[in-house]
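Reader: I would like a close look at how the helices of this chain pack against one another, with the terms explained as they arise. Please take the pairs in turn, and then turn to the loops and some single residues.

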Amino acid sequence: MTTRLEDTDLEGLAEKAGHELEDASALDILRWAADTFGSRFCVTSSMEDAVVAHLASRAFPGVDVVFLDTGYHFPETIGTRDAVAAVMDVNVITLTPRRTVAEQDAEYGPRLHDRDPDLCCALRKVQPLEEGLREYDAWATGLRRDESPTRADTPVVGWDARRRKVKISPIARWTQADVEAYVAEHGVLTNPLLMDGYPSIGCAPCTRRVLEGEDIRSGRWAGSNKTECGLHG
């Protein structure tokens, strides 16, 4: 296991790399991450597609790919995770919440996602991710600046102050067209729901199809003011 750096060193490293790698390719950003952090680096994936996991496997074969199984995923999402684990040179790690859905229902009442979606996300996404990332110094995400106003300033390398880790978004500068071109060129696995009116895929109870002309994330927590699950807040 690669030796862990001190938080102050990590924060300074993140700030420096964010500037130096702003115009670098996604693959070069991930090569930097692999060279810098080794086994203390992982990729997180919602299994909407496997673009970042595929890129990371080219930079760091056998890289850990962390997936949050909230208990509420579409079957297609679980199928995509299983396919990625089977055919890509990555090590898929599945994180689960402390409580099953049934246990959460017993403690908080059924359909917590309807009554208090922030709490539901905290219990089923934020808490297990924070526990799952403890062994890593850096983690990569698939965030893109063009996805929503809340993501418009996403750095390619930044400092995750809440978790005290380096946060890497290698495709932050990509557009949807860039993603589609990479998928086509490399035959990357994608979630079948992307072709069925779901351009952004989360938990089944909180995700609906997007209508023509709507923002790609408008199907997430539709009818509420919620726009993020809290993982990137």
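Is the crossing of helix 1 and helix 2 left-handed or right-handed?

Author: The crossing of helix 1 and helix 2 is right-handed, the near helix being turned clockwise from the far one by less than a right angle, whereas an anticlockwise turn would make a crossing left-handed. The model is a predicted one, in which local features require pLDDT of at least 70 and side-chain atom pairs count only at pLDDT 80 or more, while totals for chains, interfaces and linings use all residues. Residues are numbered from 1 along each chain as its sequence is written, and side-chain values rest on heavy atoms, without hydrogens or water.

Two packed helices are described by the angle between their axes and the distance between the axes. The axes are lines fitted to C-alpha atoms, for helices over the stretch in contact, and the angles run from 0 to 180 degrees between N-to-C directions. The helices (H or I, at least four residues) and the strands (E, at least two) are DSSP runs, numbered from the N terminus.

For helix 1 (residues 7–20) and helix 2, the angle is about 160° and the axes lie 13 Å apart. Helix 1 is therefore roughly antiparallel to helix 2, by a scale on which angles under 35 degrees count as roughly parallel, over 145 as roughly antiparallel, 65 to 115 as roughly perpendicular and the rest as oblique. On the side of helix 1, Leu10, Leu13 and Ala17 meet Trp32, Thr36 and Phe37 of helix 2, contact meaning heavy atoms within 4.5 Å. The residues of this contact of helix 1 with helix 2 comprise 5 nonpolar, 1 polar and no charged, where Ala, Val, Leu, Ile, Met, Phe, Trp, Tyr, Cys and Pro count as nonpolar, Asp, Glu, Lys and Arg as charged, and the others, Gly among them, as polar.

Helix 2 (residues 26–37) also packs on helix 3 (residues 51–59), their axes coming within 9 Å and crossing at roughly 60°. That angle makes helix 2 oblique to helix 3, and the crossing of helix 2 and helix 3 is right-handed. Helix 2 contributes Ala26, Leu27, Leu30, Arg31 and Ala34 to the contact, and helix 3 contributes Val52, Leu55, Ala56, Arg58 and Ala59. The residues of this contact of helix 2 with helix 3 divide into 8 nonpolar, 2 charged and no polar.

Helix 3 in turn meets helix 8 (residues 176–186), with axes that come within 11 Å and cross at roughly 60°. Helix 3 and helix 8 are therefore oblique to each other, and the crossing of helix 3 and helix 8 is left-handed. Here Val51, His54, Leu55 and Arg58 of helix 3 face Val179, Tyr182, Val183 and His186 of helix 8 in contact. The contact of helix 3 with helix 8 is made of 5 nonpolar, 2 polar and 1 charged residues. Leu55 and Arg58 of helix 3 thus appear in the contact with helix 2 and also in the contact with helix 8.

The loop that precedes helix 3 deserves a look as well. Met47 sits in the loop between strand 1 (41–44) and helix 3, and Met47 has a positive phi of about 65° although it is not a glycine. Most residues other than glycine have a negative phi. With 0% relative accessibility, Met47 counts as buried, buried meaning under 20% relative accessible area, exposed over 50% and partly exposed in between (1.4 Å probe, protein chains only). Arg164 likewise has a positive phi, near 60°, in a residue other than glycine. Arg164 lies in the loop between strand 5 (157–160) and strand 6 (165–168), and at 33% relative accessibility Arg164 counts as partly exposed.

A few other residues complete the picture. Trp139, in strand 4 (residues 138–140), is buried at 1% relative accessibility, and its C-alpha lies 6.5 Å from that of Val166, although the two are 27 residues apart in sequence. Pro110, in the loop between helix 5 (101–108) and helix 6 (112–115), is exposed at 56% relative accessibility. Leaving aside neighbours within four places in sequence, Pro110 is in contact with Asp105 and Arg115.
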